[in-house]
Amino acid sequence: MNALACDVVTIGGGPGATPGAELLARSGRRVIVVEQGEGLGGTCLFQGCIPSKIYLETARRLRELGQAHRFGIVGTVAGRPDLAALRRRKADILAARVRGAHEAARRAGLTVLRGTADFLDPHELTVRLAGGEDARVTAKTVICAPGSRPAGLAIPGADLEGVWSSADALELREVPTSLVIVGGGYIACELATLYGTLGTRVRILEALPRLLSSEDPGVVEVLVGKWAEEELPVEVVVGARVERIASLGAHTWSVTYRDAAGEEAMVPAARVLLAVGRSPNTSGISFQRAGIELGPRGEVPVNDVFQTRVPHIYAPGDVNGRVMLAHAATWQSLVAARHILGQLTEPPPPAVVPHVIFTDPEIAAVGADSRDLATHPGWRLTRWPYAGDARARIVGDLTGFAQMVWDAGTGRVQGVQVVGHDAGELIAEATHAITHEETVGSIAQTIHAHPTMNEVISELAAAALSEGPQGAG
Ligand code: NAD
């Protein structure tokens, strides 16, 4: 058995581990990264953010083909997806990203082991290497970042073979004639957009009274309105608590739910996809040997620098159950690394984390939204429609708006939501403004190039400013 010693070992090679590991290695620490998957990248690269957006890009282009005549183009033929080519494109992009990740790791001086790690004690890990043999790694510091996995559902039939998880849906082996999605969160809405565009009749069953209940209600209205307007074959049933899934033969499923009135209802489907959240990936790891007790959701409890109760063990990323987003994991990983290096004399300010839902229209949000106004009488909400933007008119997509919650006393930006074309790009400026405690005035006074979509944000700020002198800040 190999015995290795280092300063820092990571469990996992995704966004929760690698950015911090590279910073530590560049700062002279001997760092070993243990990753059980095909390469560095984690769920984000192999089964999450990247594959889903590759396919959604194709879906967007397919929808656009049908609109060519609006842009003065004649002679186009309606396209249809070539699944094999699409999967090849995905594989090529993933391979390029993995190569890039390994090259960056090599440059930083990381040692990458392919295998599955577990705690033997707080300082020692056993690693079952991909080749079959075992290694032991002793480290002064451990970064435990095993990520998350799709949550199951404790109902009959949920674990039947053939029920899709998001990872299965992203294999894109088939385009089912109909798909029932259990859950109405991010994953449901993105995959409904994808499969709906590919021609699948999609039905989303969401237990809560609203689709995307984490989002501002006005924003979600725009999404559902555009699905209807563009005749995307997606039906949303809210207040539908799924209680049973049954297989009735090949490509024939039934999903039974209790509707908002408490009545039992059943829908048939060629496929069923479970998208009811993600759980910290803690099941295969012996945390008790490390002296760590898991929280009620199976998460690893951490403090503001992502340190567990065992001071030399850190747990950035999805495993701590705080914000399950790749870019939040990256940030947490770097905070942990800076703490390990002794560079953080005080805890960092709370992270301002934007999120983007890659539907059509895109949804992006950061900070407070309209639901926070009730508890903050000094805050105001200002909205600016895409229809007022020159670039949106040129792009031919006037659906949507940006809205800003701001403090009428200080002029500070508290939150921004954008629903519409390129929303995910527009949210960066808002995130910067909130992170650096900027005012509405500072955005309005920044020159935004014309004609760009970014002017939606400057016009929004100007509109807020015109509502009160405080915004000038
Ligand atoms: P989610 O938590 O966003 O939504 C799950 C939904 O399932 C909830 O609305 C819940 O009420 C519903 N639900 C639970 N049990 C149900 C039942 N029995 N019947 C009907 N509905 C039920 O989870 P998700 O969409 O699976 O996403 C998982 C995670 O992945 C999220 O934490 C998200 O942060 C991340 N993610 C992010 C992106 C992005 O950033 N673009 C995209 C996809 C996923």
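Student: What makes the backbone N or O atom of Tyr186 and an oxygen atom of the ligand a polar contact?

Tutor: The two atoms lie 3.1 Å apart. A polar contact is a pair of N or O atoms within 3.5 Å; within protein, one must be able to donate a hydrogen and the other to accept it, and residues adjacent in sequence count only if both atoms are side-chain atoms. The Tyr186 pair is at 3.1 Å, so it qualifies. Ile187 also places a backbone N or O atom 2.9 Å from a ligand oxygen, and for Ala275 the distance is 3.5 Å. Taken alone, the ligand exposes 850 Å², and the protein buries 80% of that (Shrake-Rupley method, 1.4 Å probe; for residues, only the protein chains shown count as cover).

Please keep in mind that this is a predicted model: local features need pLDDT of at least 70, side-chain atom pairs count only at pLDDT 80 or more, and totals for chains, interfaces and linings use all residues. Residues are numbered from 1 along each chain as its sequence is written, and side-chain values use heavy atoms, leaving out hydrogens and water.

Student: Why is the pair Asp397 and Lys226 called a salt bridge?

Tutor: The term asks for a side-chain nitrogen of Lys or Arg within 4 Å of a carboxyl oxygen of Asp or Glu. Here the closest N and O atoms are 3.2 Å apart, so the pair fits. The count between domain 2 and domain 3 is one salt bridge.

Student: Where do domain 2 and domain 3 run along the chain?

Tutor: Domain 2 covers 166-276 and domain 3 covers 361-472, with bounds from an automatic or database domain assignment.

Student: How do you know how many residues of domain 2 and domain 3 are in contact?

Tutor: Contact means heavy atoms within 4.5 Å, and 12 residues of domain 2 are in contact with 14 residues of domain 3. In domain 2, Asp216, Val219 and Lys226 lose the most area to domain 3, together 50% of what that side buries.

Conventions:
Buried area = accessible area lost by both parts, 1.4 Å probe.
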